[in-house]
Amino acid sequence: MSLTDTPRANRLHIGIFGKRNSGKSSLINALTRQETALVSDVAGTTADPVYKSMEIYGIGPCVFIDTAGFDDVGELGQMRVEKTKKVIDKTDIALVVFSGEDITEEIRWTDTLREHKIPVIAVVNKADILADAAEIAAKVRKTGRLSPIVVSAKTKTGIEKIREELIRQLPEDYEAKSITGGLADNGDLILLVMPQDIQAPKGRLILPQVQTLRELLDKKCVVLSATTDKLDEALACLKEPPKLIITDSQVFKTVYEKKPKESRLTSFSVLFANYKGDLPYYVESAGAIDRLTERSRVLIAEACTHAPLAEDIGREKLPRMLRKKAGEALTVDVVSGSDFPEDLSPYDLVIQCGACMFNRKYVLSRVERARAQGVPMSNYGVVIAYLSGILDKIDLN
């Protein structure tokens, strides 16, 4: 990904659902006007969900998710279906493809998507070869309470209507949320404190830093950057204190102790807790740390699937801080990427990273799962600030 690309996590996620050989992949190719997805007459060509980042006129940056047919069979087929189910949590808008007389499964999946409050667009595909396309559409309308769009991915008939409906179904808050919110405005002096330690990727900044910096520049802020060891020098060269200091959470306490009293303070992780997740719930859940004992169990969820290095914040630093507070026998489990337990009841606390690699829909689905099961869920930055005794002294946007 280049600096000019929109990160996948910030794109509208459009999930394509349907039976095997219903033309899902062909539909994606027709919508994107590219040979984006592998097409074959053999049922089950799409095995695992395939993510393709695109730019669609009128919609902007989006991700099409091509899924395995939900009628797949056999042990391997059921594993594919389970992966298709997990796509629901990441989907902003769903296209459900109908291509046969029996629409029972399609309607069942439509109901599931609606339960997750996901807008559904019904598509009757293969109009060029289906003699009963109109009858299927009528059945979808009656049974599914949907207004299906009849298309042919092969001849491109009706494809423009899908694009128009996607635009109509765009979430009202799509691309409306700001990373820095009201913390920064035109002309404000902002100091970014960014440690370049072993965890920092060589030759580049991490995604939250890049996105935050870009937004600040778009807001016409004056931005100064420094590593933690150069914080004193950075502050000394300024004529006036910065309005806001944004730091890496792991040096929260160090920066707090050195910052001018006039300067507000937050971290990249806290900003992304609000940008991607449910910050009030994260703050409320931080109180669960005081109830942790050596018999407690904590789950740390990383969005990245990187190979952990020495002093990894999720696998080393946070567990060490938590055990210092609750006791060395505290159990800390770590999951990464899309791995996230359905049953969170064994845990006394879940701690999510900043989740810059996930879209907000997916992060909120995790929060909702934790809340529904009565499990406190917080965030790296919020937890570190709480453990450092400064949560009530930083700015939470």
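Before I start, one definition: when I say a helix lies across strands, contact means heavy atoms within 4.5 Å. Also, this is a predicted model.

I'll take the two sheets in turn, starting with the one that has that helix.

This is an open sheet of four strands, in the order S12-S11-S13-S14, and the pairing is parallel. At the edges are strand S12, residues 331-336, and strand S14, residues 377-379, each of which pairs on one side only. On average, neighbouring strands here are turned by 25° against each other, direction ignored.

Look at strand S11, residues 297-302. S11 pairs with S12 in the parallel sense, over six bridges. If you want a pair to find on screen, take Ala 301, whose bridge partner in S12 is Val 335.

Now the helix. Helix H11 covers residues 313-326 and lies across S11, S12 and strand S13, which is 349-352. Relative to S11, helix H11 runs at about 155°.

As a general reminder, strands of a sheet pair through backbone hydrogen bonds, either parallel or antiparallel.

On to the other sheet. Which order do its four strands take? The order is S8-S7-S9-S10, in an open sheet with parallel pairing. Strand S8, at 222-226, and strand S10, at 264-267, are the edge strands, and each pairs on one side only. From one strand to the next, the twist averages 20°.

Strand S7, residues 189-193, runs parallel to S8, and five bridges join them. One position to check there is Val 193 in S7: its bridge partner in S8 is Ala 226.

That's what I have on the two sheets.

Notes
Residues are numbered from 1 along each chain as its sequence is written. This is a predicted model: local features need pLDDT of at least 70, side-chain atom pairs count only at pLDDT 80 or more; totals for chains, interfaces and linings use all residues. Side-chain values use heavy atoms; hydrogens and water are left out. Two strands pair if DSSP finds at least two bridges between them. Helices (H or I, at least four residues) and strands (E, at least two) are DSSP runs, numbered from the N terminus. Axes are lines fitted to C-alpha atoms, for helices over the stretch in contact, and angles run from 0 to 180 degrees between N-to-C directions.
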